[in-house]
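Student: Let us work through this model together. I will ask, and you reason each answer out.

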Amino acid sequence: MASQDWFEKDFYAVLGISPTADAKQIKKRYRKLARDYHPDSKPGDTAAEQRFKEIGEAYAVLSDPEERKQYDAVRSMARGGARFTAGGPGGAEGFEDVFSNLFGGPGASGPGGTRFTYTTGRPNGGFGGPGGPGGFGAGGPGAGGATNLEDLLGMFGGAGGFGDPTGPSGPGGRYGGPGSRTRAPAKGRDRQATATLSFRQAVAGDVVEVRGTDGTTSKVRIHPGVKDGATIRVRGKGDPGPTGAPAGDLLITITVRPHEVFGRDGDNLSIDVPVTFAEAALGGTVSVPTLGGAPVKVKLAPGTPSGRVLRVKARGVPTRQGPGDLLVKVQIVVPQRLSDDMRRAVEVLAEHDQDADPRAEMFRKAAGG
């Protein structure tokens, strides 16, 4: 989309958010509006379809930090008093005329002035050649070349504006000195690496050795709670940047080995705890191991069924918001071998329980569905 359109479109109003909204608020609002106006939810509604396109256009700009910065700079110019519409006799000052006056003064295409023409992108003139359709070209006498749209917007607070050492006006930038036309060098390339952690290391955090795809190794501190398959970015541990530029980053893909006893459910740890039939039927207290500390006592209510999950607070994965919980799943163990006394006891129980059918409710629901 041409930046000229930004003068006439209020993307914040389209999404119904404040200009100070952060990225999380923008994304949340976009998702809601996209669901409300998606063509699949309103088939045949052309107004909803157009609204959906406007929402997508607004989000595409505001969700990109650099695009948003340039958009805000352009909008701030519009709020400064000039109205930006198509120029013409008796009409308001146009986008091309505003930039012409800014850089060339009265009679932008006459002597001493520079005529800027908005174009679509051709060589030999910024985006389209001097005065040609498709770019910002210098068409007046004495013009030394084309002016890039990015340079123009950058001078009003966008990416690479005045005061930005990496932008056109900064040292070494397009306006950094006589004849200078290059930006500050970009940072070095990112490096890829892998690390395999034990379950305990992933939960508690540790300093581990990671191996790069180029065979190099390095020591890195892994924060607590990292998940299997996650990618961790370590700033400045990539390839060195050219000519003193900052180094790239190290991107580490994490593999977590499973634990024999514990599992993970988000920020909670899970464990299956075997109990006897008597403990489940009569109730009682059982001891349960924890990953990083002493065992905890868990109380079973009389008649606890197999599969019930009991929650032990704050014995899960540590996070900035506090640790998760430990989820204890009860598993009733059926004796594999019965002594004569045990068999007689079970037979007495079966005799007293012969009128009960634990599957009756299941059959009733199955017939009804």
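Student: How many of the 7 residues of strand β5 are buried?

Tutor: This is a predicted model. Strand β5 covers residues 250–256. Buried means under 20% relative accessible area. The strand is mostly covered, and the buried count is 5 of 7.

Student: In which sense do β1 and β5 run, and how many bridges join them?

Tutor: Strand β1 spans residues 191–197. One bridge pairs threonine 194 with threonine 253 in β5. The two strands run parallel, and the bridges joining them number 7.

Student: Which residue of β5 is the bridge partner of arginine 233?

Tutor: Look at strand β4, residues 231–234. It pairs with β5 in the antiparallel sense, over 4 bridges. The bridge partner of arginine 233 in β5 is leucine 251.

Student: Which members of the largest nonpolar core touch the most other members?

Tutor: Nonpolar side chains tend to be buried together in soluble globular proteins. Here the largest nonpolar core holds 35 residues. Those touching the most other members are Ile252, Ile254, Val288 and Val328.

Student: Which residues does valine 288 touch, leaving out those up to four places away in sequence?

Tutor: Contact means heavy atoms within 4.5 Å. Valine 288 is one of the residues that touch the most other core members. Its contacts are Ile271, Val273, Pro295, Val296, Val298, Leu326 and Val328.

Student: How many residues does the other core, apart from that one, have?

Tutor: This core lies apart from the largest one. Among its members are Trp6, Tyr12, Val14 and Ala21. Its size is 18 residues.

Student: Is aspartate 249 buried or exposed?

Tutor: Aspartate 249 meets arginine 235 in a salt bridge, 3.1 Å from N to O. Both lie in the loop between β4 and β5, 14 residues apart. Arginine 235 is exposed, because its relative accessible area is 62%. Aspartate 249 has 3% relative accessibility, so it counts as buried.

Student: What is the N to O distance in the salt bridge of glutamate 361 and arginine 364?

Tutor: The two residues sit in helix α10, residues 360–368. They are 3 residues apart, so about one helical turn separates them. Glutamate 361 is partly exposed at 39%, while arginine 364 is exposed at 52%. The N to O distance is 2.6 Å.

Student: Which residues do salt bridges that share partners join into one network?

Tutor: By the distance rule there are 14 salt bridges. Some of them share partners. The network is Lys187, Asp190, Arg233, Arg235 and Asp249.

Student: How far apart are the closest N and O atoms of lysine 69 and glutamate 66?

Tutor: Both residues lie in helix α4, residues 65–79. They are 3 residues apart, about one turn of the helix. Lysine 69 is partly exposed at 38%, and glutamate 66 is partly exposed at 41%. A salt bridge needs N and O within 4 Å, and here the distance is 3.9 Å.

Student: What accessible area do Leu338, Met342 and Val346 have together?

Tutor: Valine 346 belongs to helix α9, residues 340–352. Its relative accessibility is 43%, so it counts as partly exposed. With Leu338 and Met342, it forms a nonpolar surface patch. Their accessible area together is about 220 Å².

Key. Residues are numbered from 1 along each chain as its sequence is written. This is a predicted model: local features need pLDDT of at least 70, side-chain atom pairs count only at pLDDT 80 or more; totals for chains, interfaces and linings use all residues. Side-chain values use heavy atoms; hydrogens and water are left out. A nonpolar core is a set of buried Ala, Val, Leu, Ile, Met, Phe, Trp, Tyr and Cys residues joined through side-chain atoms within 4.5 Å. Buried means under 20% relative accessible area, exposed over 50%, partly exposed in between (1.4 Å probe, protein chains only). Patches are made of residues with over 30% relative accessible area and no salt bridge: like charges are joined within 9 Å, nonpolar side chains (Val, Leu, Ile, Met, Phe, Trp, Tyr) within 5 Å. Accessible areas come from the Shrake-Rupley method with a 1.4 Å probe; for residues, only the protein chains shown count as cover. A salt bridge is a side-chain nitrogen of Lys or Arg within 4 Å of a carboxyl oxygen of Asp or Glu. Two strands pair if DSSP finds at least two bridges between them.
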